[in-house]
Amino acid sequence: MAKATDGDTAPVPQRLLTAATRLFAEQGYDRTSVQEIVEAAGVTKGALYHYFGSKEDLLQEVYARVLRLQQERLDAFADADAPVDQRLRDAAADVVVTTIENLDDASIFFRSMHHLSPEKNKQVRAERRRYHQRFRALVEEGQRSGVFSTATPADLIVDYHFGSVHHLSTWYRPDGPLSPQEVADHLADLLLRALRP
């Protein structure tokens with residue numbers, strides 16, 4: 001089996017995640033063995049268990065690393081010194097771009113989330129809820145200040161946008177007619193149009 005694309009110079013956790021992500025995407029989480037992951041990463045099982053307690057921990061981290069990136073970027077947009085409509089548009093476009101850039105991670109997770117234990121599932125849902133709450137706070141800020149319409153509840157607006165984001169893995173293709181940024185701009189503009197007073 002071929003080694004992970006990051007090569008032997010990448011840190012072991014990164015090599016394991018790269019190998020796991022590729023194998024989960026190609027074969028499915030449930031059809032990928034720990035042995036295949038360590039062989040693809042060029043490490044031993046002992047190395048895997050030093051960094052990750054189980055294959056399930058790898059699955060959780062595949063999604064958690066994307067969510068951490070998106071949370072950091074959302075926090076930066078939300079805290080920026082810009083009008084609320086610009087901050088929301090930037091955040092709305094960014095979550096589309098970062099999801100497309102990590103499409104394997106997102107699709108693996110949504111396909112395989114049911115394999116997580118109830119406790120890990122609860123942790124992931126709490127992290128995702130925190131992200132959605134920060135995003136919703138931008139919508140609510142704009143509604144309170146009169147920049148956005150209050151005709152549609154903020155929760156529904158957030159669900160509308162993230163429904164589109166979570167659906168990207170079913171149709172977006174890198175060789176398709178739209179670049180990640182073009183898709184992001186269209187979806188962010190749709191969101192802003194839905195919020196116009």
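Which residues does tyrosine 172 touch, not counting residues up to four places away in sequence? The tour of this predicted model begins with that residue.

**Stop 1: tyrosine 172**

Select tyrosine 172, which is found in the loop between H8 and H9. Its neighbours, leaving out residues up to four places away in sequence, are Ile100, Leu103, Leu178, Ser179, Pro180 and Val183. Tyrosine 172 has a relative accessible area of 4%. Because buried means under 20% relative accessible area, tyrosine 172 counts as buried. Now add alanine 10 to the selection: its C-alpha atom is separated by 29 Å from that of tyrosine 172, and the two residues are 162 residues apart along the chain.

**Stop 2: helix H8**

Next, select residues 154-171, which form helix H8. This helix has 18 residues. From its first C-alpha to its last it reaches 26 Å, close to the 26 Å expected at 1.5 Å a residue. Colour Ala154, Ile157, Val158, His161, Phe162, Val165 and Leu168, which are buried in H8. To see what the buried residues of H8 pack against, display helix H5 (84-101), H6, helix H7 (118-144) and helix H9 (180-195).

**Stop 3: helices H4 and H6**

Two packed helices are described by the angle between their axes and the distance between the axes. Select helix H4 (residues 55-79) together with helix H6 (residues 103-112); their axes come within 9 Å and cross at roughly 130°. H4 is therefore oblique to H6. The crossing of these two helices, H4 and H6, is left-handed. On the H4 side, show Leu59, Val62, Tyr63, Arg65 and Val66; on the H6 side, show Asp105, Ile108, Phe109, Phe110 and Ser112, since these residues make the contact. Coloured by character, the residues of the contact of H4 with H6 comprise 7 nonpolar, 1 polar and 2 charged.

**Stop 4: helices H4 and H7**

Keep H4 on display and bring H7 into view. The axes of H4 and H7 are 10 Å apart, and the helices pack at an angle of about 15°. H4 is therefore roughly parallel to H7. The crossing of H4 and H7 is left-handed. Residues of H4 in this contact include Glu56, Tyr63, Leu67, Leu74 and Asp79. From H7, the contributors include Lys120, Val124, Arg128, Tyr131, Phe135 and Leu138. The residues of the contact of H4 with H7 divide into 9 nonpolar, 4 polar and 9 charged.

Key
Residues numbered from 1 in each chain as written. Predicted model: local features only at pLDDT ≥ 70, side-chain atom pairs only at ≥ 80, totals over all residues. Heavy atoms only, no water. Axes fitted to C-alpha atoms, helices over the stretch in contact; angles between N-to-C directions. Helix = DSSP H or I, 4+ residues; strand = E, 2+ residues; numbered from the N terminus. Parallel < 35°, antiparallel > 145°, perpendicular 65-115°, else oblique. Left-handed = near helix turned anticlockwise from the far one by under 90°. Contact = heavy atoms within 4.5 Å. Nonpolar A, V, L, I, M, F, W, Y, C, P; charged D, E, K, R; others polar. Expected span 1.5 Å × (residues − 1). Buried < 20%, exposed > 50% of the residue type's maximum accessible area, 1.4 Å probe, protein only.
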